[in-house]
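This briefing covers empty space and one helix packing in the structure below.

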Amino acid sequence: MWIHEHQNWPDFTWDAKALTFKLADVRHGQGRLLGRMESLGFELKREASLSTLTKDVVKTSAIEGENLNSEEVRSSIARRLGIDIAGLIPASRDVEGIVEVILDATQQFARPLSRDRLFGWHAALFPTGRSGMHRITVGDWRTPDSEPMRVVSGPIGKQKVHFQAPEAGRLEEEMQAFLAWFDNDHEIDPVLKAGIAHLWFVTIHPFEDGNGRIARAIGDMALARADATEDRFYSLSSQIEAERKDYYDQLEKQQRSTLDITKWLKWFLDCLGRAVSSSETTIGNVLFKAQLWDTINQRPVNERQRLIINKMLEDDFKGHMNTSKYARLAKCSKDTALRDIQDLKEREIFIQNPGRGRSTSYRLPDMVCTTRF
């Protein structure tokens with residue numbers, strides 16, 4: 001029996017006492033984080049929020065096996081929020097769609113979550129009316145003539161069914177109940193509501209595709225309400241992506257269980273707590289980047305050097321810098337790249353790693369020393 005087949009569905013229950021300390025810890029962590037961000041000033045807050053939103057978009061797509069270009073995501077978010085950053089690049093339709101969904105959920109968190117709003121999100125995710133090569137119903141619930149909605153894994157013939165969603169004929173009633181609860185039940189802490197909403201929406205699985213991304217956007221919306229700010233400084237999707245196997249295991253266990261969702265909420269609060277804690281890394285990176293540029297700009301670098309330093313400061317930059325990589329990224333000759341690198345090395349903006357010859361590589365300093373740049 002699936003969870004949605006129980007007689008009292010969707011009357012979820014949970015052990016409030018068992019969640020008290022976990023919820024308090026998460027709320028304390030959120031409060032500390034927001035307090036720290038308020039002390040940083042407008043520009044650093046905006047940079048931290050941009051970095052967090054970029055991660056959120058990239059990682060919520062990665063959970064579904066879709067790898068987005070983080071530079072395109074960052075550029076799309078910056079354009080939509082009116083943030084002036086160097087090196088803006090065009091974004092693909094896939095990027096623009098998921099960015100639109102996440103920003104609408106988080107920047108407009110106070111607006112009601114309606115049927116039409118969800119349809120708009122779904123249409124943004126699938127602007128061509130297709131999921132991969134397959135045509136799907138876009139901007140509407142699954143239709144009765146569609147195949148039963150099953151979440152499966154494994155090769156054809158040996159597939160494992162993790163979960164089967166309610167039949168399409170139930171969707172209108174199911175979603176009316178969900179939407180009425182989401183905006184009108186104010187007795188539940190918004191953090192718990194984020195966890196319940198995620199599970200509830202995924203269980204209904206109202207769309208032919210995109211349910212996971214929309215469920216996480218709804219969760220982000222509830223968390224923005226909990227924080228009472230459109231600025232985002234932690235990414236739950238990033239933490240879920242890091243714990244993806246456990247995430248799916250927990251969802252599957254609850255789908256096969258009863259309407260007591262205490263175990264799911266325990267896992268959700270723990271995962272959210274880890275997301276809030278890991279935001280310290282994002283803040284540290286933003287502070288380092290700001291201090292580094294404040295110091296460098298006392299004697300500015302050229303545009304090629306600026307481009308390369310910014311790329312090395314990105315969260316997903318892999319490895320170190322060398323002459324060939326510099327020339328390729330800056331679109332210049334190797335001789336020009338070498339001159340730029342030598343200049344950065346003399347100013348100790350670049351630190352040379354051990355190794356010579358073809359193994360010569362460089363990194364940014366681990367801390368900013370204002371007397372050397």
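A cavity here is a set of grid points where a 1.4 Å probe fits but cannot get out. By this rule, the predicted model has one cavity of 30 Å³ or more. An open pocket and the contact between helices H5 and H8 are described after the cavity.

**Cavity**
- The largest cavity has a volume of about 30 Å³.
- Its lining consists of Asp56, Asp220, Leu223, Arg232, Tyr234 and Leu236.
- Three of these lining residues are nonpolar and three are charged, with no polar residues.

**Second largest pocket**
- The second largest pocket has a volume of about 1100 Å³.
- Its lining is made of 41 residues, and Glu64, His205, Asp209, Gly210 and Gly212 lie nearest the centre.
- Among the elements that give two or more residues to this lining are helices H2 (42-63), H4 (93-107), H8 (211-227) and H10 (244-255), and strands S1 (130-131), S3 (150-153) and S4 (160-164).
- H10 provides the largest share, with seven residues.
- By class, the pocket lining has 15 nonpolar, twelve polar and 14 charged residues.

**Packing of H5 and H8**
- The axes of H5 (residues 115-125) and H8 come within 11 Å and cross at roughly 130°.
- H5 and H8 are therefore oblique to each other.
- The crossing of H5 past H8 is right-handed.
- H5 makes the contact through Arg117, Leu118, Trp121, His122 and Leu125, and H8 through Arg213, Ile214, Ala217, Ile218 and Met221.
- Seven residues of this contact are nonpolar, one is polar and two are charged.

Key
Residues are numbered from 1 along each chain as its sequence is written. This is a predicted model: local features need pLDDT of at least 70, side-chain atom pairs count only at pLDDT 80 or more; totals for chains, interfaces and linings use all residues. Side-chain values use heavy atoms; hydrogens and water are left out. On a 1 Å grid over the protein atoms alone, a cavity is a set of points where a 1.4 Å probe fits but cannot get out, and a pocket is an open set with protein on both sides within 12 Å along at least five of seven lines; lining residues have an atom within 4 Å of a point. Grid points are joined across faces, edges and corners, and a volume is the space filled by probe spheres set on the points. Ala, Val, Leu, Ile, Met, Phe, Trp, Tyr, Cys and Pro count as nonpolar, Asp, Glu, Lys and Arg as charged, and the others, Gly among them, as polar. Helices (H or I, at least four residues) and strands (E, at least two) are DSSP runs, numbered from the N terminus. Axes are lines fitted to C-alpha atoms, for helices over the stretch in contact, and angles run from 0 to 180 degrees between N-to-C directions. Angles under 35 degrees count as roughly parallel, over 145 as roughly antiparallel, 65 to 115 as roughly perpendicular and the rest as oblique. A crossing is left-handed if the near helix is turned anticlockwise from the far one by less than a right angle, and right-handed if clockwise. Contact means heavy atoms within 4.5 Å.
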